[in-house]
Amino acid sequence: VLDGVPAPPAGYVYEMWLSRPGEAPVPAGTISKVRTDGTTITKINGDLKNVPSLLVTVEPAPGGRTPTQKPVIDARLS
């Protein structure tokens, strides 16, 4: 669940990335629709084992294989 985020700009999506130390971020899905109240619910794709953080970037739709922007969210997982 994301809360308090604006909709991505037209032609862009939020892309989630699994971030493991010493490895390139791995795509974990995209978010293209955010409710007017700034919330969205989405599924994270991939194995979260040994993933200390989930990054979210704004990327050109439909998303990519590597991040092109700095993360707008860096969520620590426990």
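Here is a short back-and-forth about the structure above.

Student: Before we start, what kind of model is this, and how are residues numbered?
Tutor: It's a predicted model, where local features need pLDDT of at least 70, side-chain atom pairs count only at pLDDT 80 or more, and totals for chains, interfaces and linings use all residues. Side-chain values use heavy atoms, with hydrogens and water left out, and residues are numbered along each chain as its sequence is written, starting from 1.

Student: How many helices and strands are in the chain?
Tutor: Helices (H or I, at least four residues) and strands (E, at least two) are DSSP runs, numbered from the N terminus. Reading from that end, the elements go β-β-β-β-β-β. So the count is zero helices and six strands.

Student: What radius of gyration does the chain have, and what would a compact globule have?
Tutor: The radius is taken over C-alpha atoms, and the globule rule is 2.2 Å times the number of residues to the power 0.38. The C-alpha atoms fill a box of roughly 35 × 25 × 20 Å along the principal axes. For 78 residues the rule gives a value near 12 Å, and the chain agrees with it, at 12 Å.

Student: In what order do the four strands of the open sheet sit?
Tutor: Two strands pair if DSSP finds at least two bridges between them. Strand S2 (residues 12-19) is joined to S5 by eight bridges, and S5 is joined to strand S6 (residues 73-76) by four. The pairing in the sheet is antiparallel, and the order is S3-S2-S5-S6.

Student: Which strands stand at the edges, and why is one side of each left without a neighbour?
Tutor: In the order S3-S2-S5-S6, look for the strands with a single partner. Having just one partner strand each, they have one side without a neighbour in the sheet, so the edge strands are S3 and S6.

Student: Which residues stand opposite Met16, Ser53 and Leu55?
Tutor: For the S2 and S5 pairing, Met16 stands opposite Val56 in S5. On the S6 side, Ser53 faces Arg76. Leu55 also has a counterpart in S6, namely Asp74.

Student: How many residues of S5 are buried?
Tutor: Buried means under 20% relative accessible area, exposed over 50%, and partly exposed in between (1.4 Å probe, protein chains only). Across the chain, 33% of the 78 residues count as buried. Strand S5 (residues 53-60) is mostly covered, with a buried count of seven of its eight residues.

Student: Which elements give two or more residues to the largest nonpolar core?
Tutor: A nonpolar core is a set of buried Ala, Val, Leu, Ile, Met, Phe, Trp, Tyr and Cys residues joined through side-chain atoms within 4.5 Å. The largest one has 12 residues, including Tyr14, Met16, Ile31, Leu54 and Val56. The elements giving two or more are S2, strand S3 (26-31) and S5.

Student: Which residues outside its sequence neighbourhood does Asp74 contact?
Tutor: Contact means heavy atoms within 4.5 Å. Asp74 is in strand S6 and is partly exposed, at 40% relative accessibility. Leaving aside neighbours within four places in sequence, its contacts are Ser53, Leu54 and Leu55.

Student: What about Pro27, how far is its C-alpha from that of Thr66?
Tutor: Pro27 lies in strand S3 and is partly exposed, with a relative accessible area of 35%. Beyond four places in sequence, its contacts include Trp17, Asn45, Gly64 and Arg65. Pro27 and Thr66 are 39 residues apart along the chain, and their C-alpha atoms are separated by 7.3 Å.

Student: Is Asn50 buried or exposed?
Tutor: Asn50 sits in the loop between strand S4 (39-40) and S5. Its phi is positive, about 60°, although it is not a glycine. With 61% relative accessibility, Asn50 counts as exposed.

Student: Last one: what is omega for the cis peptide bond from Ala61 to Pro62?
Tutor: Pro62 is placed in the loop between S5 and S6. The bond from Ala61 to Pro62 is cis, with omega near 10°.
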